[in-house]
Amino acid sequence: MSVPAVNTISGNVVIGQSGGPTAVINQSLVGVVETLRGQPGIGKILGAVHAVRGIINEQYIELQDVPQDRLDRVAATPSAALGSSRDKPDAEYCKKIFASFEKQNVRYFFYIGGNDSSDTCRIVNDLGKSSGYELRCFHVPKTIDNDLQHNDHTPGFGSAARYVACAFIGDNLDNRSLPGIKLNVIMGRHAGFLTAASVMARQNPEDGPHLIYVPEVAFDETKFLADVDRVYKKHGRCLIAVSEGIADKNHTPITAKLAEAQGHPVEKDMHGNVSLSGSGALGDFLSVHIKNNLGKKLRVRADTFGYAQRCFAGCVSPSDSEEARMVGRKAAELALAGETDGSVAIQRISDDPYKVQYKRIELADVAGKTRLLEPRYFVGDNNIDDSFRKYLAPLVGPLPTVELLRHTR
């Protein structure tokens, strides 16, 4: 690892991991630690236990003396080694964070997470500036949703997409052996990148998923039934990828609509949002919807991938692992070079050979903003263009290949 230019201020460091864990989030943590320790002016490197909650409760783990071989094992371990939090700090919450930093003489803050995490960095950074307190705040990107602005892709997404692709390869074979209608509900409240990754499972002309529904495209329940009926009559089976966040043209979540139609209460999370993949409700509602309208005797099954997508140890993408380490290193290098704040973005500069660069962007350019799947990848309202495979290929890495014996149903 190259030694960055040093323009430090003396003080301690805090690193936190926020939101949903991923298969590679610890790579970013270790990237920050190994780049900072031993540098002039850098004191204690404190890992915040359960993110911002740990900061305001002053619960820290010292990381500066952890041996490199142990750090490497931590880096290769899925999930958040420090623990995470779903707290969404507002201005008052961030004042408590800042007060803890002052008490601990924290001069460097690295927060690994998604949109909300970048916004926390922004607010804390503004507090430091308005108080005349020298503080360097950096957002380190992470989200399986792949929905951060100015990023070609985000750490965590490649491994989660690999999981989705591998799961659909297996499910397609299962569905072919015992034909029926199978739905898989995939994470993504607003962005359909992860659901669209199911397209990577298609290796043969009749392979599923035969239908793919993402939240960026309005979902019509009547059209859905016609789609399923058409595919089932053609192939004798139907494999479907559905994003948890599908909604109608009025942006009403389909989970809520079908729950009401079928006489079930609508579950909501702690933030008042309709519960999506965590409840398994959407898959159940769609299954009942199919049976009620296409035939009670149809073999219909649904699975909700849920949390399994985030930290599945057997599906870590090589490029995802490497890039997650690098965004942590780059954030630390920026801080050591004298930058006062920012987020690190991964930007693709070449497809063949695949190559990326890491660029500092303003916190305000990513904080609280959502990137959506580009319309050029949509095929009607129920499919994803094969060009998305080219985008995904280097992110997920080599996938299992299958060979089939041809037979008729």
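Select Leu211 first: in this predicted model, Leu211 stands opposite Ile240 in strand E8. Widen the selection to E7 (211–213) and E8 (residues 238–243). These two strands run parallel and are joined by three bridges.

**The sheet**

Now add the other members of the sheet, strand E6 (181–186) and strand E9 (300–304). The sheet is open and has four strands, in the order E7-E8-E6-E9, with parallel pairing. Which strands stand at the edges? They are E7 and E9; each has a single partner strand, so one side of each is left without a neighbour in the sheet. Direction ignored, neighbouring strands here are turned by 15 degrees against each other on average.

**Just before E7**

Step back along the chain from E7 and select Gly208 and Pro209. A cis peptide bond joins Gly208 and Pro209, with omega about 10 degrees. Pro209 is in the loop that runs between helix H7 (193–196) and E7. For context, most peptide bonds are trans.

The model has another cis bond to look at, so move to Asp352 and Pro353. The peptide bond joining Asp352 and Pro353 is cis, and its omega is about 5 degrees. Pro353 sits in the loop between strand E10 (341–351) and strand E11 (354–361).

**Helix H8 on the sheet**

Return to the sheet and select helix H8 (residues 221–235). H8 lies across E6, E7 and E8, and runs at about 160 degrees to E7.

Next show H10 (residues 281–294) together with H8. The axes of H8 and H10 are 11 Å apart, and the helices pack at an angle of about 70 degrees. How are H8 and H10 oriented to each other? An angle from 65 to 115 degrees counts as roughly perpendicular, and H8 and H10 are therefore roughly perpendicular to each other.

To see the contact, display these side chains:

- from H8: Glu221, Phe224, Leu225, Val228 and Asp229
- from H10: Leu286, His289, Ile290, Asn293 and Leu294

By class, the residues of the contact of H8 with H10 are six nonpolar, two polar and two charged.

**H9 against H10**

Keep H10 on display and swap H8 for helix H9 (residues 254–261). The axes of H9 and H10 come within 9 Å and cross at roughly 55 degrees. H9 and H10 are therefore oblique to each other, and their crossing is left-handed. On the H9 side, the contact is made by Ile254, Thr255, Leu258 and Ala259. On the H10 side, the residues are Ala281, Leu282, Phe285, Leu286 and His289. Seven residues of the contact of H9 with H10 are nonpolar and two are polar, with no charged residues. Leu286 and His289 of H10 also appear in the contact with H8.

**Thr252, ahead of H9**

Select Thr252, in the loop between E8 and H9. Buried or partly exposed? Thr252 is partly exposed, with a relative accessible area of 30%. Leaving aside neighbours within four places in sequence, Thr252 is in contact with Ala247 and Lys257. To relate this loop to another part of the chain, pick Phe219: Thr252 and Phe219 are 33 residues apart in sequence and 9.7 Å apart in space, C-alpha to C-alpha.

**Two residues with positive phi**

Most residues other than glycine have a negative phi. Two exceptions follow: Ser79 and Asn146.

Select Ser79, where phi is near 80 degrees. Ser79 lies in the loop between helix H3 (68–75) and helix H4 (91–104). With a relative accessible area of 30%, Ser79 is partly exposed.

Then select Asn146, which has a positive phi of about 60 degrees. Asn146 is in the loop between strand E5 (136–141) and helix H6 (157–177). How accessible is Asn146? Its relative accessibility is 0%, and Asn146 counts as buried, the cut-off being under 20% relative accessible area.

**Last stop: Ser118**

Finish in helix H5 (residues 115–131), where Ser118 is found. Ser118 counts as buried, at 0% relative accessibility. What does Ser118 touch? Not counting residues up to four places away in sequence, Ser118 touches His139, Leu363, Val366, Ala367 and Gly368.

Notes: Residues are numbered from 1 along each chain as its sequence is written. Side-chain values use heavy atoms; hydrogens and water are left out. Buried means under 20% relative accessible area, exposed over 50%, partly exposed in between (1.4 Å probe, protein chains only). Axes are lines fitted to C-alpha atoms, for helices over the stretch in contact, and angles run from 0 to 180 degrees between N-to-C directions. Angles under 35 degrees count as roughly parallel, over 145 as roughly antiparallel, 65 to 115 as roughly perpendicular and the rest as oblique. A crossing is left-handed if the near helix is turned anticlockwise from the far one by less than a right angle, and right-handed if clockwise. Contact means heavy atoms within 4.5 Å. Ala, Val, Leu, Ile, Met, Phe, Trp, Tyr, Cys and Pro count as nonpolar, Asp, Glu, Lys and Arg as charged, and the others, Gly among them, as polar. Two strands pair if DSSP finds at least two bridges between them.
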